[in-house]
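Okay, thanks everyone. I'll take you through one model today, a stretch at a time, so keep the structure open while I talk.

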Amino acid sequence: MHGEYKVPGGKLVVVDLDTEDGVLRGVRVAGDFFLEPDEAILEIDRALEGAPVDTDAAGLAARIDAALPPGTQMFGLTSEGVGIAVRRALAHATDWTDYDWQLIHEPPQSPALHMALDEVLTAEVAAGRRPPTLRVWEWGAPAVVIGSFQSLRNEVDPAAAERHGIQVVRRISGGGAMFIEPGNTITYSLSVPDALVQGLSFADSYAYLDDWVLGALGDMGIKAWYQPLNDIATDAGKIAGAAQKRMIGGGGGGGGAGAGGAVLHHVTMAYDIDADRMTEVLRIGREKLSDKGTKSAKKRVDPLRRQTGLPREAVIERMIASFRGRYGLAEGSLTEDELTRAKELAETKFDTAEWTARVP
């Protein structure tokens, strides 16, 4: 069995192993990390040898830590990262490069249609009828997007939203409210087969699916990191928030990623922001602000425009180029059936007061 895991902010860990009578056998750890002393790699292999196959990543990491020689130095490598690579091998997880990725970057769409497209496209990946997809959004109107479980009245001032012509929509994933202005926001979705995140905890899957965009930001001169559970941050402040939704696979179909299920991972990034308008429309509570270590909502988000000095379109182009350089990315488009279903779903679900206010 073969498993790979790139440690967030670190290096690739590769594990090959067999199993026999419910334990690990023939474990071989490799990768492009740095490790001192040399013999520590052998101790890592020995520590994993004989471990029960149901040992979780933390348990495997504990075995490694107990076996490492005194003074061992790891660079780009963590014991937990090795444990995760083992779990991915046992789960027969796939890698980014195992797939033919497709890009969808359509003209501006309404907020409700964007919500529907996420659901439809991820369901298609889950059913095996669509390849893994990176969709870059273009917003047709300003919006507030609230999480699936948020209280509408607690998050949004309806009078301020109406005054500024801002539509409120509810997405299918959890997490917090996002303030959207078309020219000031960069949003993308990844609709990926469940096999890509096999062996990862829910929290680890966020870091794993965000890693490529951290590299893209680094290429633009921004030192960014994943901040658990679902933020991308820099020294200057938060620049993005992510959310996820898991879907169970459906019937078969050709050319896709199989019918084992899929994960929707979408990210909204602040290219620029009208902080005064945002704080008028969003009811950002004192507890949320104190949790972030700041007294002002305006200081919680630091826009990409200031940090990169690049036009929004250039930032998007560089992000797409970075993804393509890592994993390959073919130009794609929505099928007629996908768009028809999404429009119907927008009308019957995401544009309705019943859905938007399902948590009043």
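So, His92: just after α3, this residue takes a positive phi of about 55 degrees. Keep in mind that this is a predicted model, so that angle is a computed one.

Let's back up into the helix itself. α3 covers residues 79-90, which makes 12 residues. From first C-alpha to last, α3 reaches 17 Å, close to the 16 Å expected at 1.5 Å a residue. And is that helix mostly covered or mostly open? Mostly covered: 10 of the 12 residues are buried. Among them are Ser79, Gly81, Val82, Gly83 and Ile84, and further along Ala85, Val86, Arg88, Ala89 and Leu90. Yes, Arg88 is on that buried list.

Now over to the sheet. There's an open sheet of eight strands with mixed pairing, and the order goes β12-β13-β14-β15-β11-β7-β6-β16. At the edges you have β12, residues 225-227, and β16, residues 330-331, each pairing on one side only. Find β11 and β7, next to each other in that order, because I'll keep coming back to them. Those two strands run antiparallel, joined by four bridges. If you want a landmark, take Val136, which stands opposite Tyr188 in β11.

Hold on to that pair, since we're going into the cavities. How many are there of 30 Å³ or more? Two. The largest has about 60 Å³ of space, and our landmark residues, Val136 and Tyr188, are both in its lining. The others there are Leu134, Ile186, Trp212, Ile316, Met319 and Ile320. β7 (133-136), β11 (185-193) and α11 (312-327) each supply at least two residues of that lining, and α11 gives the most, with three. By class, that lining has eight nonpolar residues, no polar and no charged.

The second largest cavity has about 30 Å³ of space. Which elements each supply at least two residues of its lining? β7 and β11 again, together with α4, residues 111-127. The residues to click on are Leu117, Asp118 and Leu121, then Thr133 and Arg135, then Ser189, Leu190 and Ser191. Here the lining is a mix: three nonpolar, three polar and two charged.

So if you take one thing away, make it the β7 and β11 pair: these strands contribute to the lining of the largest cavity and to that of the second largest as well. That's my bit, happy to scroll around if anyone wants another look.

Key:
Residues numbered from 1 in each chain as written. Predicted model: local features only at pLDDT ≥ 70, side-chain atom pairs only at ≥ 80, totals over all residues. Heavy atoms only, no water. 1 Å grid on protein atoms, 1.4 Å probe; cavity = no way out; pocket = protein on both sides within 12 Å on 5 of 7 lines; lining within 4 Å. Points joined across faces, edges and corners; volume = space filled by probe spheres on them. Nonpolar A, V, L, I, M, F, W, Y, C, P; charged D, E, K, R; others polar. Expected span 1.5 Å × (residues − 1). Buried < 20%, exposed > 50% of the residue type's maximum accessible area, 1.4 Å probe, protein only. Pairing = 2+ DSSP bridges.
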